[in-house]
Amino acid sequence: MRIRYLLLNAYGTGGTIRTVFTQAKTMAGLGHEVEIVSVIRHRDDPNFDLDERVKLSAIVDQRPAKADAPRLGPVARYRAWESERLKKLGPSVIPTGEFAADAFNRYVEREIIRYLKGVHDGVLVTTRPGLNILAARYADPQLIRVAQEHMNLATHRKDVRRAIRKHYPRFDAVAVLTNRDRQDYEELLPGTRVVRIPNAVHSMEQEPSDHTSKIALAAGRLSPQKGFDMLIPAYKKVAERHPDWQLRIFGTGKKRAELRALIDEHHLYNHVFLMGHTDDMDGELAKSSFYILSSRFEGLPMVVIEAMTHALPVVSFDCPTGPADVITDGKDGILVPPKDVDALAEAISKMMDDQELRSSMGAEALKTAQSYAPEHVHVMWEELFTDLANNASKGAPAKS
Amino acid sequence: MNAPSTTPHAEVAEIWPRDGGVRVVGDLHGAGAEPASWYLVAVLRDTDTRLRYELPLDGGRFDVSVPVEDFVPSGGFPDGGAKWDLFAVPEDRLEQGVEEWLRIGRHLDDIANKKKIMVFPAQQAQAEGVRAAVQPFYTIYNNLSVDCVPSPSDSSGKESP
């Protein structure tokens, strides 16, 4: 079977890219012909390792032109001028509420549509609302088309949800990450096949935490979504009770200076550290004693499940969606009402108070993580694609 | 440069740059108990200028605070601002060179590069007729220094939080 994954930017960082690379690797390992198509490319190599059997290509190359590039002829110059003009226009198909709408200017949109119209076989997997909407409208209906939702329906803005309701019924399947999101999609798209397939952790063979260090860990892009601006004030109350503990926040992003100022404002510079990027998240997780998720919203927060593979219990806001799907309150972690800073502080303190609690919840967390093992999850994709190919007798050569 | 834990050194536990002072709390490791009195000495880098403060010890723990005004150099600012390196010095070695003193730093944890991770706010100081920003920082060798740079003349005198 030929499987194509369409990503907005395979050269960036983030959970979606990492997840798709892992899926592609598994599918290639099962003997499928797998290609990842990146809409834009701004650097030479991707940030994550990609299996050598997986082909990687790009639709719009945004790398600076080489100095020795040949001079353009008049037609090429006209085309370049036209492209530049289109780049200044917003998208015409993709709703402006798409969180990545900035990346989809008129030129990028046109190039994606051209690409989609040229693909006529196998499975096409698209990975975010903008790409899903374009694939639903412009890709060959003979393809097996699968839309992936890496966030959740409730998080999307109104215009995006409207476009989802209108266009997603053309997909052979819509794949979501959590049970709660599956219910939401089934309600919005009656008659459309909605499947819940969680993302897989990258390994179950991890060094477990011994829960003795006085380190709490959080990680994610330093952006409003991750809610570190709520975690820091929560930690103010924690530091007074547990001055010997520290909170390490891993990640980079635009909010760094603001978070730094917040740390200074609360005089937490001896207790809360913005660690930046690490190449060894597994090592950092193993060194800490529990994990904290302070997000406003998520799809399925993989870093929480990765933390659980290190036997770390999790303190988390019960935000949409993911934490409640993964964490059982009081068993493998503590769930507190979303955006409730006082409750978050209370739960963090409770975890710090009790090493026995961390150990017993950590053991449960390790059990919970099992259901996200690669071998468990990837079977679900293989079954879905095979089933779609057999039922639709399109895309892959039909069985007679 | 990381001091092996067997050689004596002064390990920082907490730094509190607030309320008009730079307060440093830490522990003297492996320094023995012989000399009765210890001092905090700040050396203005590349000069003979020294500031000296008593370093009260409780067990091995020291806790000392330097008013921010003291870091404004009386002889004017070197290019790039004044950088003070902090040492712990027993009384009987005060007359010896810096190579005999204990450089104050933070070496006994797993965070390799503190310069960018353990970052502290600046405070405004006014002395010698100038306004300056005083900010403790870790060097690339994870030793503790204090930076003092003149503030732009149009800035307000408000203390940073």
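Reader: In chain A, what percentage of the contacts with a separation of 6 or more comes from residues 24 or more positions apart?

Author: Happy to start there, keeping in mind that this is a predicted model. Take the contacts in chain A whose partners have a separation of 6 or more, and ask how many join residues 24 or more positions apart. That share is 66%.

Reader: How many helices and strands does chain A have?

Author: Chain A contains both kinds of element. The count is 14 helices and 13 strands.

Reader: What is the radius of gyration of chain A, and what would a compact globule have?

Author: Good one to reason through! Chain A has 400 residues, and a compact globule with that number would have a radius of gyration near 21 Å. The value for chain A agrees with this, because it is 22 Å. As for its extent, the C-alpha trace spans, along its principal axes, about 70 × 55 × 40 Å.

Reader: Is Phe104(A) buried or exposed?

Author: Let's first find Phe104(A): it sits in the loop between helix 2 (74-87) and helix 3 (106-117) of chain A. A residue needs 20 or more C-beta neighbours within 10 Å to be called buried. Phe104(A) has 25 of them inside 10 Å, so it counts as buried.

Reader: Which residues is Phe104(A) in contact with, leaving aside its neighbours within four places in sequence?

Author: One residue to look at beforehand is Lys87(A), 17 residues away along the chain, whose C-alpha atom is 8.8 Å from that of Phe104(A). With the neighbours within four places set aside, the contacts of Phe104(A) are Pro91(A), Ile94(A), Glu98(A), Glu109(A) and Gly130(A).

Reader: Which element of chain B gives the largest share of the side that touches chain A?

Author: Here 11 residues of chain B meet 11 residues of chain A. At least two residues of chain B's side come from each of strand 1 (9-18) and helix 1 (114-117). By class, that side has 7 nonpolar, no polar and 4 charged residues. The largest share, 3 residues, belongs to strand 1 of chain B.

Reader: Where in chain B does the pLDDT fall below 50?

Author: Chain B has a mean pLDDT of 87, with 87% of its residues at 70 or more. Over residues 1-5 the pLDDT is below 50, and it also stays under 50 over residues 154-161. Where pLDDT is low, the predicted coordinates should not be read in detail. So the stretches to treat with care, following that general advice, are residues 1-5 and residues 154-161.

Reader: What ipTM does the model score?

Author: Two scores go with the model as a whole. Its pTM is 0.80, and its ipTM is 0.87.

Definitions and conventions: Residues are numbered from 1 along each chain as its sequence is written. Chains are lettered from A and ligands numbered from 1 in the order in which they are written. This is a predicted model: local features need pLDDT of at least 70, side-chain atom pairs count only at pLDDT 80 or more; totals for chains, interfaces and linings use all residues. Helices (H or I, at least four residues) and strands (E, at least two) are DSSP runs, numbered from the N terminus. The radius of gyration is taken over C-alpha atoms; the globule rule is 2.2 Å times the number of residues to the power 0.38. Two residues are in contact if their C-beta atoms, placed from the backbone, lie within 7 Å. pLDDT is the predictor's confidence in each residue, from 0 to 100. Ala, Val, Leu, Ile, Met, Phe, Trp, Tyr, Cys and Pro count as nonpolar, Asp, Glu, Lys and Arg as charged, and the others, Gly among them, as polar. A residue is buried if 20 or more other C-beta atoms lie within 10 Å of its own, exposed if 12 or fewer, and partly exposed in between; C-beta atoms are placed from the backbone.
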